[in-house]
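Please find below a colleague's note on the structure shown here. The points are numbered so that each may be checked against the sequence and the model.

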Amino acid sequence: MMAVTKVAVCALVCALVVVSEGMPRPEPDPGAPASARVGYAPHEEPHDYNAHPKYSYKYGVSDHHTGDIKSAHETRDGDVVKGQYSLVEADGTIRTVDYTADDHNGFNAVVSKSGHAVHTLGHRP
């Protein structure tokens, strides 16, 4: 009985495919916008995204509960990148890195520490 049902379902699907293939395709509505027409792909001129890269961003986290305190910012104009990031180290000092990068000098970073290290005693039972 199961084999008969599978054969019937297969025959029905094949019949639907044959019928749908023989049906005429609808003509596109000439009054419809180009984006609504089936098979239309708008033509756009290629854009060179690397012609002159330029961006600027910054972010920061200040979670005193977990001790995750950090910030960063960076700018780029063409082949020149400048930025800084800082974070609070486990000993309480602040590490700050100022950096620049360009095709003449390469990547240069200046690392500095500020504050006084605070050493805590470990967990005591």
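**Note on the predicted model**

1. Apart from its neighbours within four places in sequence, Ser-86 is in contact with Ile-69, Lys-70, Ser-71, Ile-94, Arg-95 and Thr-96. The reader should bear in mind that this is a predicted model. Ser-86 itself belongs to strand β3, which covers residues 80-88.

2. Is Ser-86 buried or exposed? Its relative accessibility is 17%, and residues under 20% count as buried. Ser-86 is therefore classed as buried.

3. The protein chain as a whole contains one helix and five strands. Read from the N terminus, these elements follow the order α-β-β-β-β-β.

4. Of the 125 residues in the protein chain, 11% count as buried. The accessible surface of the chain is about 10900 Å², and carbon and sulfur atoms account for 60% of that area. As for contacts between residues at least 6 apart in sequence, 11% join residues at least 24 apart.

5. Strand β1, residues 54-63, is hardly covered. Among its 10 residues, the count of buried ones is zero.

6. How do β1 and strand β2 pair, and over how many bridges? The pairing of β1 with β2 (residues 68-77) is antiparallel and extends over 10 bridges. One of the residues to examine here is Tyr-59, whose bridge partner in β2 is Ala-72.

7. The hairpin of β1 and β2 has four residues between the strands. In this hairpin, Gly-67 adopts a positive phi near 85 degrees.

8. A search of the whole structure yields three aromatic pairs. One of them is formed by Tyr-85 and Tyr-99, with 6.5 Å from centre to centre and 50 degrees between the planes. The pair is classed as tilted, because an angle that is neither under 30 degrees nor over 60 falls in that class.

9. Which strands does this pair connect? Tyr-85 lies in strand β3 and Tyr-99 in strand β4 (residues 94-102), so the pair ties together parts that are 14 residues apart in sequence.

10. The two tyrosines may also be considered by their accessibility. Tyr-85 has a relative accessible area of 34% and is partly exposed, whereas Tyr-99, at 12% relative accessibility, counts as buried. The limit for the buried class is under 20%.

11. Which residues do ring pairs link into a cluster? The cluster consists of Tyr-85, Tyr-99 and Phe-107.

How values were computed: Residues numbered from 1 in each chain as written. Predicted model: local features only at pLDDT ≥ 70, side-chain atom pairs only at ≥ 80, totals over all residues. Heavy atoms only, no water. Helix = DSSP H or I, 4+ residues; strand = E, 2+ residues; numbered from the N terminus. Buried < 20%, exposed > 50% of the residue type's maximum accessible area, 1.4 Å probe, protein only. Contact = heavy atoms within 4.5 Å. Areas by Shrake-Rupley, 256 points an atom, 1.4 Å probe, with all protein chains shown as cover. Pairing = 2+ DSSP bridges. Phe/Tyr/Trp six-rings, centres within 6.5 Å; stacked < 30°, edge-to-face > 60°.
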